[in-house]
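Work through the exercises below with the model open beside the text, and try each task before reading its solution.

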Amino acid sequence: MCALKVNDVNLYDKNVLIYGKGAKERRIQIGNDDVVRALEEYRKAFEESTQKCGHFFVNQTGRPLSDQSVRRMINKYTALAAIEQHITPHMFRHTFATSLLEADVDIRYIQEMLGHSSINVTEIYTHVAMAKQRDILVTKHPRKNFRV
């Protein structure tokens with residue numbers, strides 16, 4: 001997010017060009033029209049700053065967002081929402097992957113979206129999904145207290 005350049009965000013075709021570790025490049029689709037509209041409004045509001053800076057997301061002084069400023073924003077909004085758990089930027093990525101797995105999305109698509117070179121790295125999320133499934137069955141199953 002902090003490294004996104006103005007030209008990496010294509011709102012007409014609804015996709016974002018991401019550069020990952022090892023200079024790996026991939027295109028991610030924006031699948032929600034409300035997100036596209038919000039990004040269009042942002043682009044219009046900050047067009048002068050983003051053009052000068054070259055980055056899509058800029059801070060109050062017109063410079064690229066830093067990792068630290070993103071962490072501060074997350075902390076601010078978790079506090080406003082009265083969320084006591086410490087939330088990190090990586091948790092959004094983790095939640096994204098786990099949610100897709102729980103929705104039965106093929107793990108190879110998730111691997112591609114996350115930019116993992118090995119399916120083994122992506123499979124870490126299957127263990128989380130299985131643990132969640134086990135927890136649901138243990139705590140929520142209608143016959144959880146059934147004894148034989």
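**Exercise 1. Explain why Cys53 forms no disulfide with Cys2.**

Solution. Start from the bond itself: a disulfide is a covalent bond between the sulfur atoms of two cysteines. The criterion applied here is a pair of cysteine sulfur atoms within 2.5 Å. For Cys53, the closest cysteine sulfur belongs to Cys2 and lies 11 Å away, which is too far for a bond. The structure accordingly holds 0 disulfides. As for their surroundings, Cys53 is partly exposed, with a relative accessible area of 22%, whereas Cys2 counts as buried at 16%; buried means under 20% relative accessible area, exposed over 50%, and partly exposed in between, with a 1.4 Å probe and protein chains only.

Before going on, keep in mind that this is a predicted model, in which local features need pLDDT of at least 70 and side-chain atom pairs count only at pLDDT 80 or more, while totals for chains, interfaces and linings use all residues. Residues are numbered from 1 along each chain as its sequence is written, and side-chain values use heavy atoms, with hydrogens and water left out.

**Exercise 2. Describe helix H3, its buried residues and what covers them.**

Solution. First, locate H3 at residues 67-80; helices are DSSP runs of H or I with at least four residues, numbered from the N terminus. Next, compare its span with expectation: the 14 residues reach 20 Å from the first C-alpha to the last, close to the 20 Å expected, where the expected span is 1.5 Å times one less than the number of residues. Then turn to the inner side, where Ser69, Val70, Ile74 and Thr78 are buried, and where the cover includes helix H4 (89-102). Finally, look at the surface, on which Met73, Tyr77 and Leu80 form a nonpolar patch with about 340 Å² of accessible area together.

**Exercise 3. Which non-glycine residue after H3 has a positive phi, and where does it lie?**

Solution. The residue is Ala82, which follows H3 and has a positive phi of about 60° although it is not a glycine. Ala82 lies in the loop between H3 and H4, and it is exposed, with a relative accessible area of 65%. Asp104 can be treated in a similar way: its phi is positive, about 65°, although it is not a glycine. Asp104 is placed in the loop between H4 and helix H5 (107-114), and at 73% relative accessibility it counts as exposed.

Terms used. Patch = residues over 30% accessible without salt bridge, like charges linked within 9 Å, V, L, I, M, F, W, Y side chains within 5 Å. Areas by Shrake-Rupley, 256 points an atom, 1.4 Å probe, with all protein chains shown as cover. Salt bridge = Lys/Arg side-chain N within 4 Å of Asp/Glu carboxyl O. Helix = DSSP H or I, 4+ residues; strand = E, 2+ residues; numbered from the N terminus. Contact = heavy atoms within 4.5 Å.
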